[in-house]
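Here is a short report on a protein model. It covers sheets, one buried charge and some backbone outliers.

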Amino acid sequence: MILHNNDIPSRKVDEYASRKILGTGGSLMMVEVSFKKGGVGEVHSHDAHEQTSYIVKGKFEVSVDGVKSVLVAGDSFYAGLRVPHGVVALEDSIILDVFTPLRQDFLEAEVPE
């Protein structure tokens, strides 16, 4: 599978964030999430998904299992099963999230209603 970012539609998550499913297959999924300054990915955990995330652009305050740190482009984090994690965009930013297994809820949200 080859995908071109410009060909992938962006889906609005809320007034501060939008996402693109960049690639999915087998048990993996890669998602680009663009945040406006002040956007929040609330602290949450996954019972069925592992997640690793890479900061593509900008700056986030990241919380993983209660530990907070400011991450910038090139930094990353990992959140295993049931590990609380969340982000706050400190400026306009882009994060690349990779999930295993893939997020069926994201795929279902992509289907036109």
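Does Arg-82 count as buried or exposed? Arg-82 is exposed, because its relative accessibility is 51%. Buried means under 20% relative accessible area, exposed over 50%, and partly exposed in between, with a 1.4 Å probe and protein chains only.

The model is predicted: local features need pLDDT of at least 70, side-chain atom pairs count only at pLDDT 80 or more, and totals for chains, interfaces and linings use all residues. Residues are numbered from 1 along each chain as its sequence is written, and side-chain values use heavy atoms, with hydrogens and water left out.

**Backbone outliers**

Most residues other than glycine have a negative phi, and most peptide bonds are trans. Arg-82 has a positive phi of about 60° and is not a glycine. Its place is the loop between β8 (76–79) and β9. Asp-65 also departs from the rule for phi: the angle is near 55°, a positive value in a residue other than glycine. Asp-65 sits in the loop between β6 and β7. Its relative accessibility is 54%, so Asp-65 counts as exposed.

| Residue | Phi | Relative accessibility |
|---|---|---|
| Asp-65 | near 55° | 54% |
| Arg-82 | about 60° | 51% |

One peptide bond is cis: the bond from Thr-100 to Pro-101, with omega near -10°. Pro-101 lies in the loop between β10 (93–100) and α1 (104–110). Helices (H or I, at least four residues) and strands (E, at least two) are DSSP runs, numbered from the N terminus.

**The six-strand sheet**

An open sheet of 6 strands runs in the order β1-β2-β3-β10-β5-β8, with antiparallel pairing. Its edge strands are β1 and β8, and each pairs on one side only. From one strand to the next, the twist averages 25°. Axes here are lines fitted to C-alpha atoms, for helices over the stretch in contact, and angles run from 0 to 180 degrees between N-to-C directions. Two strands pair if DSSP finds at least two bridges between them.

Strand β1 (residues 11–14) and strand β2 (residues 17–25) run antiparallel and are joined by 3 bridges. A hairpin of 2 residues links β1 to β2. Asp-14 stands opposite Ala-17 in β2. Arg-11 has Arg-19 of β2 as its bridge partner.

**A buried charge**

Glu-32 belongs to strand β3 (residues 28–35). Glu-32 is buried but has no salt bridge. A salt bridge needs a side-chain nitrogen of Lys or Arg within 4 Å of a carboxyl oxygen of Asp or Glu. The nearest side chain of opposite charge, Lys-20, is 4.6 Å away from Glu-32. Lys and Arg count as positive and Asp and Glu as negative; His and the chain ends are not counted.

What does Glu-32 join through a polar contact? The partner is the side chain of Asn-5, at 3.2 Å from that of Glu-32. A polar contact is a pair of N or O atoms within 3.5 Å; within protein, one must be able to donate a hydrogen and the other to accept it, and residues adjacent in sequence count only if both atoms are side-chain atoms.

**The four-strand sheet**

Another open sheet has 4 strands in the order β4-β9-β6-β7, paired antiparallel. β4 (40–44) and β7 (67–72) stand at the edges with a single partner strand each, so one side of each lacks a neighbour in the sheet. The twist averages 20° from one strand to the next. Strands β6 (residues 59–64) and β9 (residues 85–89) pair in the antiparallel sense over 5 bridges. Glu-61 stands opposite Val-88 in β9.
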